[in-house]
Amino acid sequence: QVQLVESGGGLVQEGGSLRLSCAVAGRPSRILSMGWSRQAPGKEREFVAGISWITDVTTYADSAKGRLTISRDSAENTVYLQMNNLKPEDTAVYYCNAAVMGRTTDLWGQGTQVTVSS
């Protein structure tokens, strides 16, 4: 069974950095893209960043530009989110997702908590 396994969340002070990882466990068919979203308490889940496995093109939400960087390791079927200069408003549960050939819906990870203290 294919699933996404996230890691790297935690508690960090304002201005600090964290690196989230999301690995595809199992034997997926071709990965098309992966990305990160987040959900803060009392808010809707929002897109943060995405990367194409085919073209390597990245996309970011305006709130992420300049501070968050998405990257991938194709050999390890892993996507990363490097988060720098973190702010309290970045506090949320971060979820990764993967679009995989042959599936009509994305795979989603279980989420990892990021808490930024001021």
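Which residue in strand 5 does Ser37 stand opposite? The close-ups below, taken from a predicted model, begin with that pair.

**View 1. Ser37 and its partner across the strands.** Ser37 stands opposite Phe47 in strand 5. Ser37 itself belongs to strand 4, which covers residues 31-39. Strand 4 and strand 5 run antiparallel and are joined by 6 bridges.

**View 2. The surroundings of Ser37.** Is Ser37 buried or exposed? Ser37 counts as buried because its relative accessibility is 6%, and buried means under 20%. Leaving out residues up to four places away in sequence, Ser37 touches Arg45, Glu46, Phe47 and Val48. Val93, Tyr94, Tyr95, Asn97 and Trp108 are also touched by Ser37.

**View 3. The hairpin of strand 4 and strand 5.** Between these two strands lie 6 residues. In this hairpin, Gly42 takes a positive phi near 75 degrees.

**View 4. Strand 4 beside strand 9.** Strand 4 also pairs with strand 9. The pairing is antiparallel and runs over 8 bridges. Here Ile31 stands opposite Val100 in strand 9. Strands of a sheet pair through backbone hydrogen bonds, in either a parallel or an antiparallel sense.

**View 5. The largest nonpolar core.** How many residues does the largest nonpolar core have? It has 29. Met34, Trp36, Leu81, Met83 and Tyr94 have the most contacts inside this core. At least two core residues come from each of strand 3 (18-25), strand 4, strand 5 (46-52), strand 7 (68-73), strand 8 (78-83), strand 9 (92-100) and strand 11 (112-117). Strand 9 gives the most, with 5 residues. In soluble globular proteins, nonpolar side chains tend to be buried together.

**View 6. Met34 and its contacts.** Met34 is one of the residues with the most contacts inside the largest nonpolar core. Neighbours within four places in sequence are left aside here. Met34 is then in contact with Leu4, Cys22, Val24, Gly50 and Ile51. Trp53, Ile70, Val79, Asn97 and Ala98 are in contact with Met34 too.

**View 7. An open sheet of 4 strands.** The strand order is 1-3-8-7, with antiparallel pairing. Which strands are the edge strands? They are strand 1 (3-7) and strand 7, each pairing on one side only. Neighbouring strands of this sheet are turned by 20 degrees against each other on average, direction ignored.

**View 8. Strand 7 against strand 8.** These two strands pair over 6 bridges in the antiparallel sense. Arg72 stands opposite Val79 in strand 8. Val79 is also a contact of Met34.

Methods: Residues are numbered from 1 along each chain as its sequence is written. This is a predicted model: local features need pLDDT of at least 70, side-chain atom pairs count only at pLDDT 80 or more; totals for chains, interfaces and linings use all residues. Side-chain values use heavy atoms; hydrogens and water are left out. Buried means under 20% relative accessible area, exposed over 50%, partly exposed in between (1.4 Å probe, protein chains only). Contact means heavy atoms within 4.5 Å. A nonpolar core is a set of buried Ala, Val, Leu, Ile, Met, Phe, Trp, Tyr and Cys residues joined through side-chain atoms within 4.5 Å. Two strands pair if DSSP finds at least two bridges between them. Axes are lines fitted to C-alpha atoms, for helices over the stretch in contact, and angles run from 0 to 180 degrees between N-to-C directions.
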